[in-house]
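Welcome to a short set of exercises with worked solutions. Have your viewer ready and try each task before reading on.

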Amino acid sequence: MEIAVDTFFLKPDAQGTLQAQIQEMVAEGILSGRFRIGEKLPSSRRLAVHLGVSRITVTLALTELVASDYLISKGRSGYFVSETAPVPPSYVPPRPSHDTMDWESAIARKFTGGDTPHRPQNWYEYRYPFIYGQADGALFDHTNWRQCALRALGHREFSKLANDQFDQDDPMLVEYIARHSLPRRGISARPEEILITVGAQNALWLAAQVLLSPDRRAAFEDPTYYALRDQLVNTGCALSPICIDKDGLPPDLIPASSDVIFVTPSHQSPTTINMPKERRKALLERARDINAVIVEDDYEFEMSFLKPPAPALKSLDDSGRVVYVGSFSKSLFPGLRLGYLVGPEPFIRQARALRANVLRHPPGHVQRTVAYFLSLGHYDAQIRRMAKVLHARRIALEDGIAQNGLKIAGGGLYGGSALWMQAPDGTHMGEVAQALRQDSVLIEPGAPFFAHHNRRQEFYRLGYSSLEANLIAPGLAHLARAIEKFSPR
């Protein structure tokens, strides 16, 4: 029996080459059971005409499927679904049994119930996505990234792809961070003082697990990155959220009993405040006086398109008490999940051992791909391109804010990809955000960034990394009308 040609179609939003899309289309039909063993496919000519592609493209796709044992070629008779095609076996789910296990009592520790908000998975389908940390695919260097990935997947790099490195990292990537990334922030480090992590959040978790316990105290900014606060809560340590001022974290408010201080001095999260040099020195002195460790999250320093960023806090540290967190996820794309920890060797040794117990190491081929992308100059070119576009979007955002009478609460002195905003007192931005979804507008309410006893409902964050400049003004008009509607009269 021949499969009807009308059952074949290319998805309009499919990724990859036409050949790859055709391969995926046929393979999916076989794996789903729609195309059965022994059935004949339409001729390559008919399939090409139906799909609107060249015949050679169809022939190459079908040849690859023969090589993968999905299809078999029978001379002039055409292509048939192979008898050994990887068709999934039929599966009949078992009848549900009565579960007598009390899982509420069996679970020793609970990690749900934190403040991390859940943005829609289809955020990119919204017309005005003012959300932070998402990548604009139009700005990414897909061609050179693909070439670097292919190089990392080649025969010469097979050991990096396939071997279990246990607790070690890609030496090429570590060397680039040591010789290029860190010196730009005024930091000098040896390979033994650098650990690759699964993004900055993983780096912060490792630092919290190594440095904190129930009998220790953590001081941190309020408002702060909500995932960090959830991580600190899970350690069981004593918590000291400290309200920031116009210069960031006030050192004199840090309790003397603090063991670890978490801070984002160069680009405070979420307010984007930059800590002045004198405040940084005072923070280091306070940490030295109380013998505390500082964990510095230096996120988004590459996006400093307004003027050069201030040196990292770690570059001013002369007592070896600052642990530094960096990331490539914001500057490349968030799904990459690749960051790094820099600190004294005794600390990195323990963090490396903990990481090995949990996940061994970040995938070797991902590390090597990033290493090539960095070392061949593609990363720097990407940053320059992104900075230029973000600068234009920032101008459009500030103009739209002024035109609509909105209020900026944190300006982002050096740039970045978001602004911290404030609505009139009494405005519940969570309700505003929910209502705006009806107008295809996404914003981030600010309440989850604040400690529970200090929840401020009138703040919100506007990201502009994934929103084209010409869409910013109409999106802000929707926002202004919604705030006016929900603000107390």
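**Exercise 1: a loop residue**

Task: find which residues Ser-466 is in contact with, leaving aside its neighbours within four places in sequence.

Solution. Start with the contacts (heavy atoms within 4.5 Å): Ser-466 meets Trp-123, Pro-129, Ile-131, Gln-134, Ala-135, Asp-136 and Arg-393. Before going further, please note that this is a predicted model, in which local features need pLDDT of at least 70 and side-chain atom pairs count only at pLDDT 80 or more, while totals for chains, interfaces and linings use all residues. Residues are numbered from 1 along each chain as its sequence is written, and side-chain values use heavy atoms, with hydrogens and water left out.

Next, place the residue: Ser-466 sits in the loop between strand S15 (459-463) and helix H15 (469-486). Helices (H or I, at least four residues) and strands (E, at least two) are DSSP runs, numbered from the N terminus. Finally, Ser-466 counts as buried because its relative accessibility is 14%; buried means under 20% relative accessible area, exposed over 50%, and partly exposed in between (1.4 Å probe, protein chains only).

**Exercise 2: domains and core**

Task: work out which domains supply at least three residues each to the largest nonpolar core.

Solution. First list the domains, whose bounds come from an automatic or database domain assignment: domain 1 (5-81), domain 2 (123-133 + 381-486) and domain 3 (142-376). Then take the core, a set of buried Ala, Val, Leu, Ile, Met, Phe, Trp, Tyr and Cys residues joined through side-chain atoms within 4.5 Å. It has 60 residues, and Phe-130, Phe-328, Ile-443, Tyr-460 and Leu-479 touch the most other members. At least three residues come from each of domain 2 and domain 3. For a closer look, Phe-328 touches residues including Leu-173, Ile-177, Phe-333 and Tyr-379.

As for domain 1, its centre and that of domain 2 are separated by 46 Å, taken over C-alpha atoms.

**Exercise 3: the seven-stranded sheet**

Task: trace the order of the open sheet of seven strands and say which strands stand at the edges.

Solution. Strands pair if DSSP finds at least two bridges between them. The order is S4-S10-S9-S8-S7-S5-S6, with mixed pairing. Strand S4 (194-197) and strand S6 (238-243) each have a single partner strand, so one side of each lacks a neighbour in the sheet. On average, neighbouring strands of this sheet are turned by 20° against each other, direction ignored.

Now check two pairs. Strand S5 (residues 217-222) runs parallel to S6 over six bridges, with Ala-218 bridged to Leu-239. S7 and S8 are also parallel, over four bridges, and Val-260 is the partner of Val-293 there. Strand S8 (residues 293-297) is largely enclosed by the rest of the structure, because four of its five residues are buried.

**Exercise 4: the four-stranded sheet**

Task: identify the helix that lies across S11, S12 and S15.

Solution. Begin with the sheet, which is open and antiparallel, in the order S11-S12-S15-S14. Its edges are strand S11 (408-410) and strand S14 (444-445). S14 and S15 pair over two bridges, and Pro-445 has Tyr-460 as a bridge partner. The helix is H13 (residues 378-403), running at about 15° to strand S12 (418-422); axes are lines fitted to C-alpha atoms, for helices over the stretch in contact, and angles run from 0 to 180 degrees between N-to-C directions.
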